[in-house]
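Here's a quick look at how some helices sit together and how two chains meet. Have the structure open as you read.

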Amino acid sequence: MKKAIIIPTISLFLICLFATLLLGVVNGVTEEKIAQNAIITEENSRKIVMADAKSFGEKTEGEYTFDGTTAPYSYVEALDENGNSIGYVFVTASTGYGGKISTMTGIDKDGKVTGIEFLEIGETVGLGMNATKPTFKEQFKGMVSGISVNKNAPSGNEIKALTGATITSKAVTKGVNTALDIYENVIKGGANNG
Amino acid sequence: MSYSKELLSIFVTYILTQNFILSKFLGICPFLGVSKKLNTAVGMSAAVIFVMMISTAVTYPIFNLLTAMGLEYLETIVFILVIAALVQLVEIAMKKYIPSLYNALGIYLPLITTNCAVLGVVLLNIDTNGYSGDLANFGRAMVCSLGAGLGFMLAMVMFAGVRSRLEGADIPKFLKGLPITLIAASLTSLSFLGFAGLVENMFA
Amino acid sequence: MAEKKSLGKEFTKGLIKENPVLRLVLGTCPTLAVTTSVSSAVGMGLSATAVLVCSNIVISLLRKVIPPKVRIPAYIVVIASFVTIVQMVVKAFLPDLNDKLGVYLPLIVVNCIILGRAEAFAGKNKVLPSAVDGLGMGVGFTIALCCMGLVRETLGSGTFLSGVSSINNGSGLAIPFLSQHPMLIFVLAPGGFFVFGLLMACANKLAEEKGLPKAVLHGCENCPMAKSCTIKEKENCASGEEVAK
């Protein structure tokens with residue numbers, strides 16, 4: 001009876017131990033590469049959202065509460081060839097239809113959006129995924145704090161929602177608005193939120 | 001948006017617009033396999049709701065533990081084992097102490113371990129609500145799994161009705177059997193597509 | 001010579017005669033979920049094949065060591081480890097594919113093809129046949145996914161091979177007319193069910209001509225959990241035969 005319990009337990013334990021060891025080893029090999037990939041994507045995206053910048057400063061990370069949800073964010077300062085600050089590039093998170101959307105937003109000294117890019121997005125192909133098309137992303141250029149979504153005829157500080165994907169459009173807009181809010185309150189206002 | 005309103009919107013979203021079966025394709029096996037009779041469909045989905053809730057309640061704190069130790073990469077293996085062990089434990093306990101419930105739900109429990117809807121809801125919860133381990137996010141995760149489970153039940157029950165109609169229908173020979181079942185599923189899914197704009201306008 | 005012949009047979013049975021998706025009706029979730037484009041279908045197919053071959057080899061090696069009582073949990077551990085390894089490798093070297101497959105990549109763990117093959121084949125056979133069986137089943141899975149992906153991508157987005165970064169910067173070859181007027185419904189959820197249903201009808205038609213039985217919806221013999229399944233009225237579970245009448 002005792003044997004019937006001990007042998008399966010030990011063999012299962014050994015299998016688990018071995019599996020975990022193997023995973024640890026593979027993780028050791030791939031971890032660095034995964035981290036590197038993330039850095040490369042981020043650096044390439046920075047150049048797209050802030051085309052005028054020649055170099056970027058150190059990354060600052062934190063958490064920020066916007067519209068009832070708390071999410072982590074990060075930002076870097078964008079510098080021109082003389083090392084003068086020309087704006088900031090933010091990475092903010094929001095929840096779309098298919099999960100987390102990580103948006104990168106470039107904001108210049110006047111608090112205007114210079115461009116957006118997605119670091120992580122997994123929306124419905126054919127609907128929400130259309131957010132990655134240039135026609136949608138271009139709309140955000142020049143917008144200021146408090147962007148809203150309009151389904152039919154956008155005017156002023158509004159963007160046109162994607163057909164059949166208002167949730168995605170709103171989520172992206174929320175990400176960009178969060179970045180604008182952080183710029184206003186944390187960087188310009190000097191307040192230290194979270 | 002207030003917290004309670006947000007929870008309500010998550011709840012409705014997961015039942016109607018992001019239905020696990022009809023729009024996320026999670027749990028197709030039981031959907032096609034045990035939706036033939038209404039009572040089995042209800043029993044299976046009740047068991048799924050139950051397992052989804054307890055798995056989320058258990059794996060959510062475990063993920064925070066894994067994050068604290070920098071072992072996030074073990075999440076898949078840890079979650080599937082925890083779910084499997086948990087289901088087994090619940091089955092044994094239920095058999096011994098609540099035999100009436102066991103007869104209604106317990107028989108479906110072993111089938112649920114390898115149901116992708118359960119592992120799916122757990123992983124999605126970590127992905128969307130896993131920002132930090134505070135209680136508010138835990139609440140979102142729980143409401144999300146309750147909604148996902150109820151959505152699963154809704155799809156199963158509706159489809160059981162559709163299939164009972166199919167039995168008496170005169171179906172072209174080449175579509176008989178599985179093909180017509182899938183096409184019926186396609187139409188059911190199409191009808192759920194109509195809910196797409198509902199939630200955002202309800203809670204706007 | 002005889003050995004070689006039977007190995008060849010193990011490989012080819014997974015392709016057509018016992019195609020896991022179209023004949024055994026296993027792994028339906030990824031078949032529907034990640035076939036919006038050919039490239040993600042191939043990515044999913046190959047990831048699952050890698051897991052299937054590796055787990056079949058290891059399970060076959062350990063078949064005499066694993067006590068029968070804890071067989072299923074042991075298989076799950078082995079499969080989950082390989083899935084995690086594939087996940088890490090994909091994340092490191094094919095980040096675009098990782099974004100596309102999303103949650104469906106870790107969900108390979110609960111793909112019934114893999115546990116089903118472990119239980120039905122690898123747990124009882126030698127290493128080489130198990131590896132070949134896994135490869136055949138994996139390739140069969142990939143072929144079925146590709147068929148789905150090809151139809152859905154062509155009709156639903158009007159492109160061919162989108163997502164392959166070397167072709168047209170990742171947006172694929174645009175198909176004239178269809179790319180201007182894509183039938184969006186094919187890449188959405190209902191289109192998935194619809195295309196799968198029609199594909200299944202074709203597979204059944206071909207099988208009938210060859211004199212094989214129709215694909216049965218979850219015949220209990222293919223279900224990895226059949227042994228622990230206690231649903232007394234089996235007709236509730238294996239409903240396919242009745243429907244097929």
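Which helices do the buried residues of α6(C) pack against? Keep in mind that this is a predicted model. The partners are α2 (28-33) of chain B, plus α3 (38-61), α4 (71-93) and α7 (127-156) of chain C itself. Helix α6 covers residues 112-122 of chain C, and nine of its 11 residues are buried, so the rest of the structure largely encloses it. The buried set begins with the run C112(C), I113(C), I114(C), L115(C), G116(C), R117(C), A118(C) and E119(C), and A122(C) completes it.

Over in chain B, helix α1 (residues 3-17) is a nice check on geometry. Its 15 residues, at 1.5 Å each, should span 21 Å, and the end C-alpha atoms sit 20 Å apart, which agrees. Its buried residues are I10(B), T13(B), Y14(B), I15(B), L16(B) and T17(B).

Chain B also has a helix pair to look at: α3 (residues 38-68) and α8 (residues 135-167) have axes that come within 9 Å and cross at roughly 165 degrees. With angles over 145 degrees counting as roughly antiparallel, α3(B) and α8(B) therefore run roughly antiparallel to each other. Their crossing is right-handed.

Now for chains A and C: 18 residues of chain A are in contact with 25 residues of chain C. Here's how the residues divide on chain A's side of that contact, and in the contact of α3(B) with α8(B):

| Contact | Nonpolar | Polar | Charged |
|---|---|---|---|
| Side of chain A that touches chain C | 11 residues | six residues | one residue |
| α3(B) with α8(B) | 21 residues | four residues | no residues |

Technical notes: Residues are numbered from 1 along each chain as its sequence is written. Chains are lettered from A and ligands numbered from 1 in the order in which they are written. This is a predicted model: local features need pLDDT of at least 70, side-chain atom pairs count only at pLDDT 80 or more; totals for chains, interfaces and linings use all residues. A residue is buried if 20 or more other C-beta atoms lie within 10 Å of its own, exposed if 12 or fewer, and partly exposed in between; C-beta atoms are placed from the backbone. Helices (H or I, at least four residues) and strands (E, at least two) are DSSP runs, numbered from the N terminus. Two residues are in contact if their C-beta atoms, placed from the backbone, lie within 7 Å. The expected span of a helix is 1.5 Å times one less than its number of residues. Ala, Val, Leu, Ile, Met, Phe, Trp, Tyr, Cys and Pro count as nonpolar, Asp, Glu, Lys and Arg as charged, and the others, Gly among them, as polar. Axes are lines fitted to C-alpha atoms, for helices over the stretch in contact, and angles run from 0 to 180 degrees between N-to-C directions. Angles under 35 degrees count as roughly parallel, over 145 as roughly antiparallel, 65 to 115 as roughly perpendicular and the rest as oblique. A crossing is left-handed if the near helix is turned anticlockwise from the far one by less than a right angle, and right-handed if clockwise.
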